[in-house]
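Please open the structure in your viewer and keep the selection panel at hand. The tour below proceeds from one selection to the next.

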Amino acid sequence: MNGVLLLDKPTGLSSNAALQRARRCFDAEKAGHTGTLDPLASGLLPLCFGEATKFAQFLLDASKRYTATVRFGAMTTTGDAEGDVVDTNPVALTEADLEAALPAFTGHLQQIPHAYSALKFEGRNLYEYAREGIAVERQPRDIEILELKLLAWISPDAIVDVTCSKGTYIRVLAEDIGRALGCGAHLAGLRRTATGGFGIASAVPLEQLEGMDEASRNASLLPVATLVREMRPLRIADGDAARFRHGGAVPATGLADGPCAAFAGDALLGVADVANGLASPRRVVVATSHPSDGHG
């Protein structure tokens, strides 16, 4: 089973738990997701099955879009609604205050990961140290907030639309905005609405997936090639396809240096790096009995 499923993950479920339930629906031996959503969060979680797992990194690296609920006046241990409230302040903000504050949080920024995050330090998750009361120095990371818009203000909650680079912690963004406005804040809700050119409107809710018959479930899968649809294509001659599949470089005449998606006819062969007129395979798709449909 090879293909991509756009899953609408419910709240209250980890990304891995959602993946395993979807995996059982397809009886897939090999599966992976393309960017963790916390149990608190819902929304778009692309899942890769079979050969598609080789190309999951392209979605992991893609920008993400979220609808976030930022609750002002209360700070929590974890920066989100799952933590304990550690401080409260009165909220006297106006919609104009919020509109004026948001531009400072767009563009290229440095963000310090939250103490309650799954980043590793000396082989352990940061949240493990935090739960034990051990302070660990966290280095700032470069991120980019491509767009940040206020959708609604119903005090003490602001609903914002965020488009950001990979590695951005929306709960840290919420805390930083609350700190700048002088009353503190935490992330009260989060829904991912887009990633890598895919949108939530095309996603299948998990319970709906589990209620489908086999034919309907299989029809919900997208071809592996959709993961590289934004890459420039390289059309490889039939006589060179076998060489490429076995790791050999093939001609890429007229193509500038850099990555590309390699095809033989309509069938995806893999991803290649072009240099000096030759395309060297980086990831290769194993041929299926139905190579033209992309998910055998």
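**The enclosed space**

The largest cavity of this predicted model has a volume of about 40 Å³. With a threshold of 30 Å³ or more, the count comes to one cavity.

Select the lining next: Val70, Phe72, Leu98, Leu102, Leu150, Ala158, Val160 and Ile177 surround the largest cavity. Colour this selection by residue class, and eight nonpolar residues appear, with no polar and no charged residues in the lining.

Which strands each supply at least two residues of the lining of the largest cavity? Display strand 4 (64-72) and strand 11 (157-164), which each make such a contribution.

**The five-stranded sheet**

Now move to an open sheet of five strands, and trace the order 15-17-18-19-16; the pairing is mixed. At the edges, select strand 15 (233-235) and strand 16 (250-251), each of which pairs on one side only.

Within the sheet, select residues 267-275 for strand 18 and residues 278-284 for strand 19; the two strands pair in the antiparallel sense over six bridges. For one individual bridge, pick Ala275 and find its partner, Leu278, in strand 19.

**The helix across the sheet**

Finally, add residues 238-245, which form helix 8. Helix 8 lies across strand 16, strand 17 (258-264), strand 18 and strand 19. To view the crossing, show helix 8 together with strand 18: the helix runs at about 75° to that strand.

Definitions and conventions. Residues are numbered from 1 along each chain as its sequence is written. This is a predicted model: local features need pLDDT of at least 70, side-chain atom pairs count only at pLDDT 80 or more; totals for chains, interfaces and linings use all residues. Side-chain values use heavy atoms; hydrogens and water are left out. On a 1 Å grid over the protein atoms alone, a cavity is a set of points where a 1.4 Å probe fits but cannot get out, and a pocket is an open set with protein on both sides within 12 Å along at least five of seven lines; lining residues have an atom within 4 Å of a point. Grid points are joined across faces, edges and corners, and a volume is the space filled by probe spheres set on the points. Helices (H or I, at least four residues) and strands (E, at least two) are DSSP runs, numbered from the N terminus. Ala, Val, Leu, Ile, Met, Phe, Trp, Tyr, Cys and Pro count as nonpolar, Asp, Glu, Lys and Arg as charged, and the others, Gly among them, as polar. Two strands pair if DSSP finds at least two bridges between them. Contact means heavy atoms within 4.5 Å. Axes are lines fitted to C-alpha atoms, for helices over the stretch in contact, and angles run from 0 to 180 degrees between N-to-C directions.
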